[in-house]
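Here are my notes for someone meeting this structure for the first time. Have the model open as you go through the points.

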Amino acid sequence: MPLVATGEIVGTAARAGLGAGAFNVIQIEHAQAIVAGAEAAGAPVILQISENAVRYHGALAAIGRATVEVARAARVPVAVHLDHATGPELVREAVDLGFGSVMFDASALDYDGNVAATAGVTADCHAHGVWVEAELGEVGGKDGVHAPGARTDPAEAAAYVAATGVDALAVAVGTSHAMVVKAAVVDLSLVAALRTAVPVPLVLHGSSGVPEADLTRAVEAGLTKVNIATHLNVAYTRAIRDHLTADPDVVDPRRYVAAARDAVAREVTRLLKLVRATH
């Protein structure tokens, strides 16, 4: 199965009223696990590498190329996406490596600055056939669009999409990044209003903190691309901890990392069904 464009996965899901699962890669085992989970579910999937993960590795090239190769070997459609890039240089590198999409995050800027920076990146990406997701930040808010109390205004979101030309929009509807408890309350009425106002697919960040039944409801209300990272890290770490507790003499990392990879694959299969990534 060849590497596919993110826009193909998200666009097909949006037209069908389904969700598109997007999971973050930190190590190559994450990429392998996510693809294995998608294959078991019979669903397409998006592999994401964040700017934080790039910082961890010291550069994008090695983990980026490895992730692209894992995607190319998959038996289901897989796209590779750059998540939360804050500078155009990293965006260009991802495009050169064959990523089909980028999420450019200028939400730390004021509205006018966000629009200007995002429009420039979008024009450059579109010239290379690359799909762009953006984030509309909370004006004057230090925590950005995903602060717990922040919300995206539908009329401003529609104007932002028109001004920037982006292909998808990350919206604030009650979630927050890096939550390890499922206590976020998604504003489903706001999701529906945004879906009506905004002509491009909507993206949910911070999905790890959403109660699982509400993930399905959020997709049914109008969200399409559902980003999940922390939840998989919890599963990955728990599997390693359990393996080392059960076998404290083990020294070969392949044994306990394999357990983590299997645990993540199982979670991806389950989560793809929750977000309705397949019929």
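1. **What you are looking at.** Before anything else: this is a predicted model. The protein has 11 helices and eight strands. Of its 279 residues, 54% count as buried. Among contacts with a separation of 6 or more, 70% are between residues 24 or more positions apart.

2. **The barrel.** How do the eight strands close up? They form a barrel in the order E1-E2-E3-E4-E5-E6-E7-E8, with parallel pairing. If you ignore direction, neighbouring strands of this sheet are turned by 25° against each other on average. Helix H9 (residues 212-221) packs on the sheet, where it touches strands E7 (202-204) and E8 (223-228). The direction of H9 makes about 145° with that of E8.

3. **Where the barrel closes.** Take a look at E1 (20-24) and E8, which pair in the parallel sense over four bridges. Ala20 is a good place to start, as it stands opposite Lys225 in E8. On the other pairing of E1, three bridges join this strand to E2, again running parallel. There you will find Asn24 opposite Gln48.

4. **Strand E2.** This one covers residues 45-50. Six of its six residues are buried, so E2 is largely enclosed by the rest of the structure. Which residues point which way? Val45, Leu47 and Ile49 go to one side of E2, while Ile46, Gln48 and Ser50 go to the other, and all are buried. So the Gln48 that stands opposite Asn24 is a buried residue, because six of six in E2 are.

5. **Strand E3.** E2 pairs with E3 in the parallel sense over six bridges, and Ser50 stands opposite Asp83. E3 spans residues 78-85. Is this strand enclosed or open? Eight of its eight residues are buried, so E3 is largely enclosed by the rest of the structure.

6. **On to E4 and E5.** Three bridges join E3 to E4, and the two run parallel. Leu82 stands opposite Val102 in E4. Val102 is worth a second glance, since its bridge partner in E5 is Val132. E4 (residues 101-104) and E5 (residues 131-135) also run parallel, joined by four bridges.

7. **E7, E8 and Leu204.** E7 and E8 pair in the parallel sense over three bridges. Leu204 sits in E7, and its bridge partner in E8 is Val226. Leu204 counts as buried because its relative accessibility is 0%, below the 20% cut-off. The C-alpha atoms of Leu204 and Leu223 are separated by 6.7 Å, although these residues are 19 apart along the chain. E8 itself is mostly covered, with six of its six residues buried.

8. **Two backbone angles to check.** Most residues other than glycine have a negative phi. What is the phi of His84? The value is near 55°, which is positive, and this is not a glycine. His84 lies in strand E3 and counts as buried, at 16% relative accessibility. Then there is Arg276, with a positive phi near 60° and again a residue other than glycine. Arg276 lies in the segment after helix H11 (253-274). Is Arg276 buried or partly exposed? At 27% relative accessibility, Arg276 counts as partly exposed, because buried means under 20% and exposed means over 50%.

9. **The second largest pocket.** Its volume is about 170 Å³. Which elements supply at least two lining residues each? Helix H1 (6-16) and strand E1 do, and H1 gives the most, with four residues. The full lining is Val4, Glu8, Ile9, Thr12, Ala13, Leu18, Gly19, Ala20, Gly21, Pro44, Pro77 and Ala277. By class, that makes eight nonpolar, three polar and one charged. Notice that Ala20, one of these lining residues, is also the residue that stands opposite Lys225 in E8.

Methods: Residues numbered from 1 in each chain as written. Predicted model: local features only at pLDDT ≥ 70, side-chain atom pairs only at ≥ 80, totals over all residues. Heavy atoms only, no water. 1 Å grid on protein atoms, 1.4 Å probe; cavity = no way out; pocket = protein on both sides within 12 Å on 5 of 7 lines; lining within 4 Å. Points joined across faces, edges and corners; volume = space filled by probe spheres on them. Nonpolar A, V, L, I, M, F, W, Y, C, P; charged D, E, K, R; others polar. Pairing = 2+ DSSP bridges. Axes fitted to C-alpha atoms, helices over the stretch in contact; angles between N-to-C directions. Contact = heavy atoms within 4.5 Å. Buried < 20%, exposed > 50% of the residue type's maximum accessible area, 1.4 Å probe, protein only.
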